[in-house]
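Got your viewer open? Let's take a short walk through this molecule, one selection at a time.

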Amino acid sequence: MAVIYARPPLPSEDVRWRIVQGTMRRQGYSSNALIETLHAVQKAFGYIDPVAMKFVARSLRLPLSKVYGVVTFYHLFSLRPQGRHTCVICTGTACYIKGTPALLASLKREYGAGDGETTADGAMSVLTARCLGACGLAPAGIFDGEIAGNLTVEETLDRVRAWEAK
C-alpha cells in the first residue's frame, strides 16, 4: 500500500512559489532535487530566507538542518537580499595568508559592509567563499561574476569604485 504524502501549502500567493514548486515536481519531489530547488528559489526571489528553507525542507521531506547546511555551504546561495553588485572574497588558506583580511577590512572601512553584509544604499554586497579554486591567483575575488587575482587593497577598492562611476 502506497503512502500518500500531502504537500505543504505554498508560503504565499506569490507566483514565484509556483516556479519553485514546478522545479520540485519535475524532479518527483526527490531529496536529490535539493540544490536545483534552491537554485530555483534563489533565481526567483534573489535570496533564500527561512520561510523558503522550511518550505523546501517540508516539500522534499528533508531535515531543515540539511537544507540550511547546503544553503550556507555554497557561496552562490544568499540568506539576505543582495546589492546591485556583488563582491566575493576568497577565504581559502592561500588567499587568507596572502591578504584576505586586509581586503575585507578595507571594504568594511570604506563602504561599511563586511562579510555577508550589504551597503546601506543597497549598491554592493560583500560575501566570502571558503575557496574559489584559484589558489595560484591568491588573494582572489569575484566582482559581479568576474574573477580577479593577486588582489591588493587598492585594486579591490578601485574595482568597487568603478561600479560607483556607472
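How many residues in the lining of the second largest pocket are nonpolar, how many polar and how many charged? Keep that in mind while you select them; this is a predicted model, by the way.

**Stop 1: the second largest pocket.** Select Gln42, His75, Leu76, Phe77, Ser78, Gln82, Thr86, Val88, Leu127, Ile142, Asp144 and Gly145, which line this pocket. Colour them by type and you get your answer: five nonpolar, six polar and one charged. The space they surround has a volume of about 190 Å³.

**Stop 2: the largest pocket.** Keep Phe77 and Leu127 selected, then add Asp115, Gly116 and Thr128: of the 19 lining residues here, these five lie nearest the pocket's centre. The volume is about 370 Å³. To see which elements give two or more residues to this lining, show α4, β2 (117-118) and β3 (124-129). By type, the lining splits into eight nonpolar, seven polar and four charged residues.

**Stop 3: helix α3.** Now select residues 50-60, which make up α3. Which of its residues are buried? Highlight Ala52, Met53, Phe55, Val56, Ala57, Ser59 and Leu60 to see them. Here's a handy bit of background: an α-helix has 3.6 residues a turn, so residues three or four places apart point the same way. Next, show α1 (16-26), α2 (34-45) and α4 (64-73), because you'll want to see the partners that the buried residues of α3 pack against.

**Last stop: just past α3.** Click on arginine 61, which follows the helix. Its phi is positive, near 55°.

Methods. Residues are numbered from 1 along each chain as its sequence is written. This is a predicted model: local features need pLDDT of at least 70, side-chain atom pairs count only at pLDDT 80 or more; totals for chains, interfaces and linings use all residues. Side-chain values use heavy atoms; hydrogens and water are left out. Buried means under 20% relative accessible area, exposed over 50%, partly exposed in between (1.4 Å probe, protein chains only). Helices (H or I, at least four residues) and strands (E, at least two) are DSSP runs, numbered from the N terminus. Contact means heavy atoms within 4.5 Å. On a 1 Å grid over the protein atoms alone, a cavity is a set of points where a 1.4 Å probe fits but cannot get out, and a pocket is an open set with protein on both sides within 12 Å along at least five of seven lines; lining residues have an atom within 4 Å of a point. Grid points are joined across faces, edges and corners, and a volume is the space filled by probe spheres set on the points. Ala, Val, Leu, Ile, Met, Phe, Trp, Tyr, Cys and Pro count as nonpolar, Asp, Glu, Lys and Arg as charged, and the others, Gly among them, as polar.
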